[in-house]
Amino acid sequence: MLVLKGRVLDGNGGPPMEQGAVVLEGNRIRLVCRQSELPELPGAQVYTTECAAILPGLIDAHVHMGWGSATAVDWISMTPQLSMARALRDMAQLRQQGYTAFRDLGSDVILLKPAVAEGLLDVPRIFGAGKILSQIGGHGDVYQKLSLEGSMGAYSPDFLVNGVDEVRRACRINARNGADLVKIMTTGGVFSQGDRATPHSHFSAAEIRAAVEEAENMGSYVSSHAQANRGIRTALENGVKCIEHGFYLDEYCIELMVKNGCFLVPTLAIMHASKTYFSRTSGVLPDLREKTEQSYEAHYKSLELARKAGIPVGVGCDFLGDEAFGCPYSQATLELERLCAAGYTPMEVISMATKTNARLLRMEGELGTLEPGKLADVLLVSGDPGADIRVLRRQENVKLVIQDGRVVKNLLDGEKPQ
Ligand SMILES: [Zn+2]
């Protein structure tokens, strides 16, 4: 049995419980109470630290394990082996930051699930879409300066599909590989070469509806990469349940999202990293720079519309694991900081990165809040992230990471026992 003592931020977003305690037994949370109410627990291992805060394990709702570079031209030399080696690095970095689960929206990381089940890998919980469905000439057709055959032949985290039958086939291949949801792209994006930030959409209504039906057949949902307004609309009108990025939302989109119970995952951190990169690097990737500049402000305006309408907002950094570009997974909590910069309070952002993100993993009954009976994914942090979210970006502050009841990171060894 493990007992954590400190200020408890339970993930529900209410005021913290001072002098609190969380008791873990096996892989479950047994008790959350004040320290004064703790029963006798002979033999229990007790953990605390200076200015200790206890919170649910963080979840990132938009990652791509193993891409390794923010530059499309580098991706052409990628192999599955290199990508998986990088994915292992990315997952280890997330774990050090306090992430105990993630939602991968485009990579082959779901193929590692059997290795996790066999006990060969100890990584955060994997929930993933497998390969992304993109139309020809879409955001997933990233090598548009090659012939179509060349682009389709390169190793990539995408399926380039054409027509309803190919959409269904790609969804079923992903499901066969262990996918938990379906990811499509109904607009172009910042990092692909041929498309634009201006009004457009990708995929027909029938293709989107086919993906939605296949996802529902899997007992899950479709999330769409959607930045330009027209592509957000077509996604929402045809049954998509979560919008990724959502740069150009309008009142009509917001209405549909409220009516259909849709989520938004804004991905502010990757745009911030891009902007920062371009502010200090000149003469490279002009398309990418232009699209970043065009979309940066719109992104925050859209998020403000969603916030006012009470749309559930998930937290996802959309990093690519590229240290030089400023988006390694060791900095994933930059997304939480950007959400605070956008007007959310730190307590709201913690709840979004735990409770709301657990809903995006369809695991809200098991993860996301500190409540008796839930799975024991818990952090002990030094500092007060409920007052200043930046506490979380310093890995030395994340003292203890517990996943499924197991201590998977422990910086408290050597500190005086309590
Ligand atoms: Zn992404």
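**Close-ups of a two-domain chain**

**Figure 1. The whole chain, in a predicted model.** For 418 residues, a compact globule would come out with a radius of gyration near 22 Å, and the chain has 21 Å, which agrees. Measure the C-alpha trace along its principal axes and you get a span of about 70 × 45 × 45 Å. If you're counting elements, the chain holds 12 helices and 17 strands.

**Figure 2. Domain 1 and domain 2, and the place where they touch.** Domain 1 is put together from two stretches, 2-57 and 369-410, while domain 2 runs over 58-332. Taken over C-alpha atoms, the centres of domain 1 and domain 2 sit 32 Å apart. Each side pitches in to the contact: 11 residues come from domain 1 and 11 residues from domain 2. Which elements give two or more residues to the domain 1 side? They are strand S16 (398-403) and strand S17 (406-410). S16 supplies the largest share of that side, three residues. Sort the domain 1 side by class and you find five nonpolar, three polar and three charged residues.

**Figure 3. Helix H7 against helix H8.** Here we zoom in on H7 (residues 229-237) and H8 (residues 251-260), whose axes come within 10 Å and cross at roughly 25°. That angle is under the 35 degrees cut-off, so H7 is roughly parallel to H8. The crossing of H7 and H8 is left-handed. On the H7 side, look for Ile232, Arg233, Leu236 and Glu237; they meet Tyr252, Cys253, Leu256, Met257 and Asn260 of H8. By class, the contact of H7 with H8 comes to six nonpolar residues, one polar and two charged.

**Figure 4. Helix H9 packing on helix H10.** H9 takes in residues 268-280 and H10 residues 286-308. The two pack at an angle of about 130°, and their axes are 10 Å apart. H9 and H10 are therefore oblique to each other. As for handedness, the crossing of H9 and H10 is left-handed. To find the contact, start on H9 with Leu268, Met271, Ser274, Lys275 and Phe278. Then turn to H10, where Leu288, Arg289, Thr292, Ser295, Tyr296 and His299 make up the other side. The contact of H9 with H10 is a mix of five nonpolar, four polar and two charged residues.

**Figure 5. Helix H11 crossing helix H12.** The last close-up takes H11 (residues 334-341) together with H12 (residues 346-360). Their axes come within 9 Å, and the crossing is at roughly 135°. H11 and H12 are therefore oblique to each other. Is the crossing left-handed or right-handed? For H11 and H12, it's right-handed. From H11, the residues to pick out are Leu336, Leu339 and Cys340, and they meet Pro346, Val349, Met352 and Ala353 of H12. What classes of residue go into the contact of H11 with H12? There are seven nonpolar residues, with no polar and no charged ones.

Definitions and conventions
Residues are numbered from 1 along each chain as its sequence is written. This is a predicted model: local features need pLDDT of at least 70, side-chain atom pairs count only at pLDDT 80 or more; totals for chains, interfaces and linings use all residues. Domain bounds come from an automatic or database domain assignment. Two residues are in contact if their C-beta atoms, placed from the backbone, lie within 7 Å. Helices (H or I, at least four residues) and strands (E, at least two) are DSSP runs, numbered from the N terminus. Ala, Val, Leu, Ile, Met, Phe, Trp, Tyr, Cys and Pro count as nonpolar, Asp, Glu, Lys and Arg as charged, and the others, Gly among them, as polar. Axes are lines fitted to C-alpha atoms, for helices over the stretch in contact, and angles run from 0 to 180 degrees between N-to-C directions. Angles under 35 degrees count as roughly parallel, over 145 as roughly antiparallel, 65 to 115 as roughly perpendicular and the rest as oblique. A crossing is left-handed if the near helix is turned anticlockwise from the far one by less than a right angle, and right-handed if clockwise. The radius of gyration is taken over C-alpha atoms; the globule rule is 2.2 Å times the number of residues to the power 0.38.
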